[in-house]
Amino acid sequence: MTSLEKPADSPADKAEPDGVEPGKEILKVDRLHKYFGKGGVKAVDDVSFAIRSGEITTVVGESGSGKSTLARLILRLMPPTSGRIELNGTDVTTIKGKALHTYWRDVQAVFQDPFSAFNQFFTVRRLLSRSKGMLDLKGESLEDRMLASLEQVGLKKDSLDKYPHQMSGGQRQRVMIARALMMRPVLLIADEATSMLDASLRANILNVLTDLRTDTGLTILFITHDIGQACYVSDRILVMKHGKLVESGPTEDVIFRPEHEYTRQLLEDVPRLHG
Ligand SMILES: Nc1ncnc2c1ncn2[C@@H]1O[C@H](COP(=O)(O)OP(=O)(O)OP(=O)(O)O)[C@@H](O)[C@H]1O
């Protein structure tokens with residue numbers, strides 16, 4: 001994978017997700033703010049955007065720009081200072097109890113480190129079964145759901161009986177994606193999900209994500225500091241700097257016709273980063 005390359009498929013080739021209108025705004029963030037501490041670090045500063053069904057939307061920005069805080073807010077892992085988050089037209093900013101548990105099923109995440117999340121004494125089967133209580137199996141058996149989820153990330157049945165040390169980092173990250181897919185999420189958030197992988201495994205995980213988007217219509221929020229990866233996977237790119245969204249639009253516009261100086265700077269840094 002070269003640094004500013006697009007995968008072969010285009011959004012026009014995408015599958016329509018079951019029961020979801022493609023291109024519909026499913027998650028909306030409106031004037032979201034998160035300030036930390038007495039000094040009032042503006043980690044997320046008046047951010048508004050929408051994520052459309054069946055698309056990969058990427059938030060790109062340098063370290064400290066507020067990407068992970070934004071992800072944690074959307075995941076309802078911390079409260080915003082102000083602002084609103086909507087999923088499918090419902091305000092989820094302050095929901096609690098059962099509604100919040102349903103939200104946590106609908107909005108799944110994979111993070112940077114597939115190692116720490118994985119108990120070394122658990123097989124993949126045990127890891128995937130752990131979420132059993134939260135699953136809505138809709139008549140499917142747990143085994144079938146596990147196999148279908150593994151298949152979606154290109155892993156075979158024999159993976160079920162493997163331990164973490166018997167798999168590569170890329171395979172472990174695929175298992176983490178499969179674990180998220182067990183929930184049949186409305187939205188998958190991938191926060192720096194390839195950062196700890198070397199270049200070939202990174203491309204492999206990016207391809208898993210684009211295949212999920214194209215083949216199953218999964219909606220993905222991808223978070224990265226690397227505009228090359230953003231270009232490779234995204235339908236839409238949001239550029240974040242110092243907590244603010246400085247530019248957003250379809251990938252082609254942001255990459256080939258950037259309007260903001262900061263986006264141009266990120267693009268200029270690509271050859272230096274990738275050799
Ligand atoms: N719990 C916290 N308490 C205080 N400040 C925080 C907290 N979490 C994040 N920050 C600050 O908020 C800002 C944004 O951090 P954040 O981790 O969201 O950025 P990021 O773009 O994800 O960076 P990285 O890629 O390095 O994780 C930074 O200045 C950070 O120091």
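This is a short guided tour of the structure above, stop by stop, with something to select at each one.

**Before you start**

Residues are numbered from 1 along each chain as its sequence is written. The model is predicted, so local features need pLDDT of at least 70 and side-chain atom pairs count only at pLDDT 80 or more, while totals for chains, interfaces and linings use all residues.

**Stop 1: the whole chain**

Show the chain as a cartoon and you should find nine helices and ten strands. Helices here are DSSP runs of H or I with at least four residues, strands are runs of E with at least two, and both are numbered from the N terminus. The radius of gyration is 18 Å, close to the 19 Å of the globule rule for 275 residues, so the chain is as compact as a globular protein of that length. That radius is taken over C-alpha atoms, and the rule is 2.2 Å times the number of residues to the power 0.38. Along the principal axes, the C-alpha atoms fill a box of roughly 50 × 45 × 40 Å.

Two more totals are handy here. Of the 275 residues, 39% count as buried. Buried means that 20 or more other C-beta atoms lie within 10 Å of the residue's own; exposed means 12 or fewer, partly exposed is in between, and C-beta atoms are placed from the backbone. Among contacts with a separation of 6 or more, 71% join residues 24 or more positions apart. A contact is a pair of residues whose C-beta atoms, placed from the backbone, lie within 7 Å.

**Stop 2: around the ligand**

Now select the ligand and its shell. Which of the 13 residues around the ligand come nearest? They are Phe36, Ala43, Ser63, Ser68 and Thr69. A residue is near a molecule if its C-beta atom, placed from the backbone, lies within 6 Å of it. Colour β2 (41-52) and α1 (67-74), the elements that give two or more residues to this shell. The largest share, three residues, comes from α1.

By type, the shell divides into three nonpolar, nine polar and one charged residue. Here Ala, Val, Leu, Ile, Met, Phe, Trp, Tyr, Cys and Pro count as nonpolar, Asp, Glu, Lys and Arg as charged, and the others, Gly among them, as polar.

Stay with Phe36, which sits in strand β1 (residues 25-36). With 13 other C-beta atoms within 10 Å, Phe36 is partly exposed. Leaving out residues up to four places away in sequence, Phe36 touches Val41 and Ala43. Try a distance label to Thr81 as well: that residue is 45 residues from Phe36 along the chain, with 8.8 Å between their C-alpha atoms.

**Stop 3: along β2**

Select Asp46, also in strand β2. Is Asp46 buried or partly exposed? It has 14 C-beta neighbours inside 10 Å, so Asp46 counts as partly exposed. Beyond neighbours within four places in sequence, Asp46 is in contact with Arg31, His33 and Lys244.

**Stop 4: helix α5 and the core**

Next, select residues 169-181, helix α5. At 1.5 Å a residue its 13 residues should span 18 Å, and the end C-alpha atoms are indeed 18 Å apart; the expected span is 1.5 Å times one less than the number of residues. Eleven of the 13 residues of α5 are buried, including Val175, Met176, Ile177 and Ala178. What covers the buried residues of α5? The cover includes β6 (107-110), α3 (124-129), α4 (142-152), β7 (187-191) and α6 (199-216).

The largest nonpolar core has 63 residues, and those with the most contacts inside it are Ala178, Leu187, Ala190 and Leu209. The most to this core comes from α5, with six residues. A nonpolar core is a set of buried Ala, Val, Leu, Ile, Met, Phe, Trp, Tyr and Cys residues joined through C-beta atoms within 7 Å. Zoom in on Ala178: apart from neighbours within four places in sequence, it is in contact with Leu128, Ser149, Leu150, Gln152, Val153 and Leu155.

**Stop 5: two backbone oddities**

Finish with the loops. Arg76 lies between α1 and β4 (82-87), and its phi is near 60 degrees, a positive value in a residue other than glycine. Glu192, in the loop between β7 and α6, has a positive phi too, near 50 degrees.

How values were computed:
Two residues are in contact if their C-beta atoms, placed from the backbone, lie within 7 Å.
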